[in-house]
Structure formats: C-alpha cells, structure tokens
Amino acid sequence: MKKLVFPCLLLACANAPGAELITGHVDIRFNYVPATNIWSCHLQYGGGYDDPDTEADPETVALPARDAPFSVAGDRYPQPSNPAYAFTGAPAGAPLWILPQTDRNYTWPGFDNAQSVGTFLSYYNSDPRVDATARWIKIQLVSVEYSGEAPSTSQFSLWTTGSGGAPTVWMATSDGIDSKDCFFTTENTHSHLNFGFTKLGVYRIAFRPSAYLASSETLVENGDHAITFAIGTLATWRATHFSGADILDEAAGTPFADPDGDGLANLLEYAFNTDPNVSSTAPIVAGTGTAGLPLVRVEKVGGQDRLTVEFVRRKSSTNPQITYTPEFSSTLADGAWQEVGTTTITSMGDTWERVKVTDSSAAGTRRFARVGVSPQSTIPY
C-alpha cells in the first residue's frame, strides 16, 4: 500500500477554484433552446418542492453523499438480497450509497425541464417502462468517469420505486452502457429518482437529452452534460477544492496530484487540513493548531528530553479513507521505523482531533519522527 510522508518545509503560492456543494432539493434541468437549436443544462436548487430558485452551471457544482448509515442520517444502505436489485452491481449486504427518490433532508436530486408545452412531438413510445403516447424527452446515459477506491467495481444505477416496492430500472452500468440506459420524461415536468453508487469516490456522469420537434418531426440531440457526484468524505473534500473536469485530472484533483507544487500530494493536504491550491508546508501551531504539517520537536517529558510529533487527524468516525501512522526511528533506513511511544488525543469537534505522540526512547541519541498517511483500500463497515 502506498504511504505518503513529508518531513521537510518550504513556502510558495497558487490557487484554483473548487466546486460548490449543493444539498437539498436540486433538479438537473435540460431545456431545448429553439433560438440556438441546442440543449442547455443547469442545476436548479434552493427552493421548495416544486420551485428551486437558484441556477448553477454543472461544471461549478457537485452533489455529495454522506458515508454514514441511512439509519443515522447518512446515505449508505445495505444492498438488498432481493434479485430484483442485482442491477446495482453490489453484492448482497455490501454498502450502496443512494441519493434517494424521497426527500431525506440532504441531497435530493431529480430531473426537470421548463419546456413550453407543444415544443416536442407527441408519439407512441414502445419502451416497456413507459409504453404510452406523450411528448417525450429522452435523457440518455452517455458515460461514467470515476476516481476512487475501487475503479474495477464501481457502478452507477438509476431507478424509481413504485408503490409495490419493485424497482423500475432506467440506467445501470453493471451490464455496460447501451441505448437502454435512459430515462423518459415529458415537457414541463419534474421527476425524482434513486441515484445509486457502489463505491466511495468521485463520479462524473454524462447525460444527453433529445426529443423530436413538433414543428418538423426532427430529432434534436446535441451536447453531453456531465454532473459531478461526490460520494463520501474524501470525495466531498476533493469537490470543495476542484470542479468540473479538474477533479479527475491526474495533475489537479486526484489524490496523488500536487497542483500547488509544494511537494504535498492532495491526500496529505486532506489528511492535515491544508489547502491543495495554496502552497504551504508550515507545521501546525503547538497545542492549538488546527491545520498544518506534523510538528516534530524535542520536549522535556518527565525530566528527560524526548522527541514528540504533533499533528491533526481526521476522526475515524468520519470514514476518511486514510490511516495515519506516527513512527520513530534512529535511522532513516527503510524498515527501521516503528510505531512506538505514548499518545495523547484532543478532540476538535466532530471531524478533527489533535494527536501528540511522545517517543519511547530518550532523545540523547539520534532520533527521527514522521507521520505516514496511507489510503484505506477497504473500510470495515
């Protein structure tokens, strides 16, 4: 497993915009613009059940999901054992993160449009999920880009649940992406669905709207529009610092990138509460610091000089997807580092704690300290 450490200091400056996290009622709005013959896409949010009142470009925002059980106000559910839900791609009982069809007072996404009635052709749609005549708008799943803990097993799905509890599956990547991965809506309507994700991480999901014009029976289908979903604590942090395609850029928003050039990979910036777009390698302030690199110094402990290392740490209760390893050694050689010493922990709210580890060996001999940060590939729920 890759471990990151950073023992030295320097100072510089850089900057880049992050995304705005949108929670509450939010609609992904596709509108056809006759004057330009193109489809626009905006996220509408901030209002009540049927009237979101704030508009945002999808490239500047992200929709987050909380990595906590739904029973304690989170968005993590156990995958049902019912075979009808096998389309999600998660094994029975495995975690499945859902932004749900029903409002649960957090991120509640759906699709809508404000199209003038009569813009599109009314026709019979034989898709068994609709099987009716209406002025149909088709929203096609085009692609899913993912960056996170398990690229080979990450899946996205979209479904609705009726009064009988059986799912109507609109999109599912577990069997690939094809023409069946689409949702049908109609002019000037508003729909909420279940958005499901099998792994923690960042998803960039591209949709393509289309419809037939009533005036000419011409298919209008142009433009793919990507929506960013941030699933879990690490992904949400990434979204607050990087937006649009940058969040998946190997040189910008991925965990081992270093966009501000200060020698700290984003994963270390995340671990120690620093800004990945502002170059700084200053240590935390002893005893009161809330952000910064680990502070290593010699202190008097019980009348003896001891090496100490002090740092901020994300609480395990937030499922940060990383582990911290404070270590000491008498040499810089690989394999010589040991987790030894006495630890004191000071809570700093729901997310952070300040940790201080005192070396078990006296500082009369040469001693070194460091804090390793490793991705946690599997989280034991």
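**Exercise 1. Which side chain meets that of E299 in a salt bridge, and at what N to O distance?**

Solution. The structure is a predicted model, in which local features need pLDDT of at least 70, side-chain atom pairs count only at pLDDT 80 or more, and totals for chains, interfaces and linings use all residues. Residues are numbered from 1 along each chain as its sequence is written, and side-chain values use heavy atoms, with hydrogens and water left out.

Step 1. Apply the criterion: a salt bridge is a side-chain nitrogen of Lys or Arg within 4 Å of a carboxyl oxygen of Asp or Glu. The partner of E299 is R297, at 3.3 Å from N to O.

Step 2. Assign the burial classes, where buried means under 20% relative accessible area, exposed over 50%, and partly exposed in between (1.4 Å probe, protein chains only). E299 is buried because its relative accessible area is 17%, whereas R297, at 30%, is partly exposed.

Step 3. Extend the search to shared partners. R297, E299, E310 and K356 are joined into one network by salt bridges that share partners.

**Exercise 2. Describe two further salt bridges and the burial of their residues.**

Solution. Step 1. The whole structure contains 15 salt bridges. One of them joins the side chains of D67 and R76, with 2.8 Å between N and O.

Step 2. D67 has a relative accessible area of 7% and is therefore buried. R76 is likewise buried, with a value of 12%.

Step 3. D359 and R367 form another salt bridge, their closest N and O atoms being 2.7 Å apart. Both D359 and R367 are buried.

**Exercise 3. Place N194 in its surroundings.**

Solution. Step 1. Locate the residue. N194 belongs to strand β16 (residues 194-197); strands (E, at least two residues) are DSSP runs, as are helices (H or I, at least four), and they are numbered from the N terminus.

Step 2. Determine the burial. N194 counts as buried because its relative accessibility is 8%.

Step 3. List the contacts (heavy atoms within 4.5 Å). Residues up to four places away in sequence are not counted, and those touched by N194 include I98, L99, P100 and Q101, as well as W159. The side chain of N194 also reaches the backbone nitrogen of Q101, at 2.8 Å.

**Exercise 4. Work out how strand β8 is covered and paired.**

Solution. Step 1. Strand β8 spans residues 107-112, and six of its six residues are buried.

Step 2. Consider the two faces. In a regular strand the side chains alternate between the two faces of the sheet. In β8, T107, P109 and F111 lie on one side, W108, G110 and D112 on the other, and all are buried.

Step 3. Identify the partners; two strands pair if DSSP finds at least two bridges between them. Strand β2 (residues 24-33) pairs with β8 in the parallel sense over six bridges, and G24 stands opposite T107. Strand β15 (residues 190-192) pairs with β8 in the antiparallel sense over three bridges; here D112 stands opposite H190.

**Exercise 5. Repeat the analysis for strand β19.**

Solution. Step 1. Because seven of the seven residues of β19 (residues 225-231) are buried, the strand is largely enclosed by the rest of the structure.

Step 2. One side of β19 carries H225, I227, F229 and I231, the other A226, T228 and A230, all of them buried.

Step 3. Strand β5 (residues 61-65) runs parallel to β19 and is joined to it by three bridges, with A65 opposite I231. Strand β17 (residues 201-212) pairs with β19 in the antiparallel sense over seven bridges, with I205 opposite I227.

**Exercise 6. How many disulfides does a search of the whole structure find?**

Solution. Step 1. A disulfide is a pair of cysteine sulfur atoms within 2.5 Å. The search finds zero.

Step 2. Check C41. The nearest cysteine sulfur to that of C41 belongs to C182, 17 Å away.

Step 3. Add the burial. C41 is buried at 8% relative accessible area, and C182 is buried at 2%.

**Exercise 7. Assess the confidence of the model.**

Solution. Step 1. pLDDT is the predictor's confidence in each residue, from 0 to 100. The protein chain has a mean pLDDT of 92, and 94% of its residues reach 70 or more.

Step 2. Over residues 6-16 the pLDDT is below 50, although this stretch has 26 contacts in the model beyond near neighbours in sequence. Where pLDDT is low, the predicted coordinates should not be read in detail.

Methods:
A polar contact is a pair of N or O atoms within 3.5 Å; within protein, one must be able to donate a hydrogen and the other to accept it, and residues adjacent in sequence count only if both atoms are side-chain atoms.
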